[in-house]
Amino acid sequence: MRKQPELLVTAGSLEELTALIDAGADALLIGEEKFGMRLPGNFTPAQIAEAVKIAHDRKVKIYVSLNNLFHNEQLELIPDYVKQLAAAGVDGVEFGDPSVLTAVKEHAPQLKLHWNAEMLSTNYATANYWGSKGASRVVLARELSMDEITEMMPKLEIEAQVQVHGMTNIYHSKRRLVQSYMAHQGRPVQGVDLGKDRGLFLVEAERKDEKYPIYEDSNGTHIMSSDDICILEDLHVLMNAGVDSFKIEGLMKSTHYNVVVTKAYRKAIDAYVQDPENYQFDESWLEEIRRVQDPERELSFGFFYKEQVY
Amino acid sequence: MQTLEKPKPKYTGKRHRLSKPELLAPAGNLEKLKFAIHYGADAVYIGGQHYGLRSNADNFSFEEMREGVEFAKKYGAKVFVATNIYAHNEDIEGIEDYLRNLEEVGISAIIVADPIIIETAKRVAPKLEVHLSTQQSTVNWQAVKFWKEEGLPRVVLGRETSLEEIAEIKKHVDIEIETFIHGAMCSSYSGRCVLSNHFTDRDSNRGGCCQSCRWKYDLFEDARPAEAWISEEEARESSVLKNFKLGVTQLPLFNEDDNAFSMSSKDLCMLESIPELIEVGIDSFKIEGRMKSIHYVATVVNVYRQAIDSYMADPENYVLKPEWIEEINKAANRPLNTGFFFNTPDHEDHIYEPEEKAVPYDFAGLVLEYDEETGTAVIQQRNYFKPGQEIEFFGPDGTFFKQTVGQIWDEDGNELDAARHPLQRIRMKVDKPVRYFDMMRKRK
């Protein structure tokens with residue numbers, strides 16, 4: 001039997017976390033805005049401890065996101081936070097900023113380190129470099145092609161995680177861009193909700209049918225993709241290549257949607273692991289997802305099969 | 001009479017022993033390199049044929065680099081190469097050879113974002129200094145310390161770092177700090193933007209950025225009830241979903257005559273804060289713009305050179321000269337601001353209006369020779385000019401005067417009604433002495 005790849009899903013609340021475990025998630029990514037970016041919800045340290053308890057009872061892992069770009073004033077919060085996470089039994093943390101790596105090695109060495117520099121994790125050699133610094137996993141950039149990912153696998157000395165479903169971040173600024181625009185327009189901005197639940201989006205003149213969600217939080221302005229990645233149909237290519245973890249991004253989606261998607265990927269992974277030789281994609285798995293998919297957001301292969309130039 | 005009183009430092013609590021910062025300028029090609037250095041840059045940064053982030057610039061071959069390094073040496077200046085892509089698998093193989101070549105042609109330092117290029121340089125080209133690129137978005141002292149421990153002598157900070165934060169970084173870590181002080185800025189954290197990839201299939205982090213942040217967008221709010229699409233009928237029947245029942249699915253957040261939404265940032269200009277930047281201890285002042293013109297590079301470098309030298313010569317009596325600001329504005333492509341140095345940029349730091357006309361001045365001619373006796377100069381034509389036009393001469397160290405073009409002649413002494421031919425040698429009278437490499441500009 002093949003090595004069982006991990007099915008990792010983000011969760012925004014304890015309720016969602018429980019529902020996703022029921023749906024077949026092997027690991028959950030959670031956290032709070034102060035330390036992690038673009039999370040579907042905020043977990044306090046106490047809730048994280050609770051999440052670990054729920055998850056570990058069912059042999060499911062909990063990872064916490066610490067992938068912010070930190071400024072000086074936030075640095076002193078990191079050591080205590082990682083100590084709390086380790087004490088709670090968290091399995092690993094995601095990081096992009098080297099200051100997190102330093103803090104974990106010094107204060108909470110039992111935490112696994114997953115290197116996630118978003119769009120900047122683009123080759124095996126740099127992933128191995130972070131491996132030599134203590135990372136056990138690389139979260140690969142969503143802009144890589146299928147060929148790049150598969151050829152990377154034999155050269156990687158650490159685990160690889162690939163996002164297989166959901167939206168991606170395409171722009172992150174420390175500036176408050178929506179607020180600035182509204183102030184420019186003369187609209188009131190004080191106390192106005194510009195967060196991810198407001199449903200704000202951008203449309204570019206020549207791409208009228210593409211809607212790019214935009215929101216602000218304490219980490220600045222985030223612009224998200226207009227489509228949702230869905231590689232379910234070709235998941236076996238990634239499984240054949242030996243990718244260790246598949247991520248479903250649940251940001252800006254309902255629990256119901258995330259449960260349906262998780263179940264579909266669960267079926268595909270289980271079918272493959274049981275009998276890789278005779279694995280066959282089942283169109284009905286994808287049909288389940290299509291039924292809950294926002295008709296204004298295309299399900300796409302993202303950059304898996306797209307030629308990019310420069 | 002000698003005064004015994006010690007000069008008081010202007011900014012208490014900051015460094016009192018001032019060290020002169022390096023002025024680092026962009027050079028998009030060999031000619032721009034020569035202008036940047038002649039006009040006062042202590043170092044220039046260039047791009048090679050690979051691994052840089054300006055795939056559209058006419059980048060340097062190794063031979064051109066060698067020539068650039070030779071030229072720089074005469075002035076005691078250094079040449080850096082930007083190798084600041086985030087590499088993909090296919091880029092890995094050629095890195096060793098490329099870095100060896102850079103070391104061999106005499107490059108002083110490389111500016112690197114991707115750690116695999118840092119590691120490779122340490123291994124195969126140890127004479128190359130490695131500077132961490134702004135593309136790493138390094139904005140805290142722990143991260144700076146990490147890179148110092150990796151052996152780097154210099155970090156280019158993320159543009160999101162404030163002056164106060166820079167002071168704190170300098171306090172915690174003994175390392176050279178480079179910051180951008182002038183030019184265009186990514187409005188995102190550098191590197192954390194793949195708009196180009198999504199809009200045009202061009203990879204921004206390998207040099208394909210098509211500046212989608214400068215485009216215009218419409219801002220809407222989704223007016224559909226949450227997940228109406230799961231059961232459309234049910235949603236339509238709900239009494240609270242009036243908008244949706246009326247078929248309204250999105251609300252525009254702009255009026256007809258509003259400017260469109262944009263992420264476009266004004267350009268950075270720290271000219272008015274040179275004393276603060278020097279006193280906080282920034283080691284290298286970097287000007288953005290490998291794609292910018294000769295006129296731009298020479299003008300901007302010239303101004304900052306004068307400001308830095310003037311402050312270092314006599315900090316107590318330093319005054320910001322209004323003519324420096326005038327000069328900077330002659331090269332400005334966009335409205336200017338101070339980035340994140342003092343505050344997080346707000347609505348006045350972004351560009352929503354249609355972009356105004358480009359730079360108001362053109363490089364019209366380059367001084368090749370000057371004859372003191374006759375007061376005439378030989379000018380190499382760089383753009384159309386003709387008798388009667390108002391022009392300005394400027395050169396390093398603040399040479400500056402305006403005049404009207406009088407009679408002009410070609411090399412054989414034939415009088416011309418206009419200078420039409422690129423690079424033609426033109427003789428003309430000048431009102432004041434000029435020197436080789438002084439520039440002549442005209443209003444567009």
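# A tour of the two-chain model

Start in chain B and select helix α13, residues 322–331. Helix α13 of chain B lies across four strands of chain B: β13 (361–371), β15 (390–395), β16 and β20 (439–443). Against β15(B), the helix runs at about 110°. Keep in mind that this is a predicted model.

**The sheet under α13(B)**

Now show the strands beneath. They belong to an open sheet of 8 strands in chain B, with antiparallel pairing. Trace the order across it: β16-β15-β20-β13-β14-β19-β17-β18. At the edges sit β16 (399–404) and β18 (415–416) of chain B, each pairing on one side only.

Select β17 (residues 408–409) and β19 (residues 425–429) of chain B. These two strands run antiparallel and are joined by 2 bridges. Which residue of β19(B) stands opposite Trp409(B)? Select Arg427(B) to see that partner.

**A helix inside chain B**

Go to helix α12 of chain B, residues 294–313. How far apart are its end C-alpha atoms? They are 28 Å apart. At 1.5 Å a residue, the 20 residues of α12(B) should span 28 Å, so the model agrees with the expected length. Next, look at what surrounds the helix. Of its 20 residues, 16 are buried, so α12(B) is largely enclosed by the rest of the structure.

Zoom out to the whole of chain B. Its secondary structure comes to 13 helices and 20 strands. The chain has 444 residues, and 57% of them count as buried. Consider contacts in chain B between residues at least 6 apart in sequence: 70% of these join residues at least 24 apart.

**A sheet built from both chains**

Colour by chain and find the next sheet. It is open, has 6 strands and pairs in the antiparallel sense. The order is β8(A)-β11(A)-β10(A)-β9(A)-β8(B)-β9(B). Its edge strands are β8 (169–173) of chain A and β9 (250–252) of chain B, and each pairs on one side only. Turn the view along the sheet: neighbouring strands are turned by 30° against each other on average, direction ignored.

Select helix α8 of chain A, residues 177–185. This helix packs on the sheet and touches strands of both chains. From chain A it touches β8, β9 (200–204), β10 (212–217) and β11 (220–224); from chain B it touches β8. The direction of α8(A) makes about 95° with that of β10(A).

Then move to the chain B end of the sheet. Strand β8 (residues 217–222) of chain B pairs with β9(B) over 3 bridges, in the antiparallel sense. Pick Phe220(B): its bridge partner in β9(B) is Pro252(B).

**Where the chains meet**

Show the interface. Chain A gives 73 residues to the contact and chain B gives 77 residues. About 6900 Å² is buried between the chains, with 57% of that area from carbon and sulfur atoms. How many salt bridges does the rule find across the interface of chain A and chain B? There are 3. For a salt bridge between side chains, select Glu150(B) and Lys133(A), at 2.8 Å from N to O.

**Last stop: His71(A)**

Select His71(A). It lies in the loop between β3 (61–66) and α3 (72–75) of chain A. Is His71(A) buried or exposed? Its relative accessibility is 3%, so His71(A) counts as buried.

Show its surroundings, leaving aside neighbours within four places in sequence. His71(A) is in contact with Lys174(A), and across in chain B with Val139(B), Asn140(B), Glu160(B), Glu165(B) and Tyr189(B). Finally, draw a line from His71(A) to Ser99(A). The two are 28 residues apart in sequence and 9.9 Å apart in space, C-alpha to C-alpha.

Key: Residues numbered from 1 in each chain as written. Chains lettered and ligands numbered in written order. Predicted model: local features only at pLDDT ≥ 70, side-chain atom pairs only at ≥ 80, totals over all residues. Heavy atoms only, no water. Pairing = 2+ DSSP bridges. Axes fitted to C-alpha atoms, helices over the stretch in contact; angles between N-to-C directions. Contact = heavy atoms within 4.5 Å. Expected span 1.5 Å × (residues − 1). Buried < 20%, exposed > 50% of the residue type's maximum accessible area, 1.4 Å probe, protein only. Buried area = accessible area lost by both parts, 1.4 Å probe. Salt bridge = Lys/Arg side-chain N within 4 Å of Asp/Glu carboxyl O.
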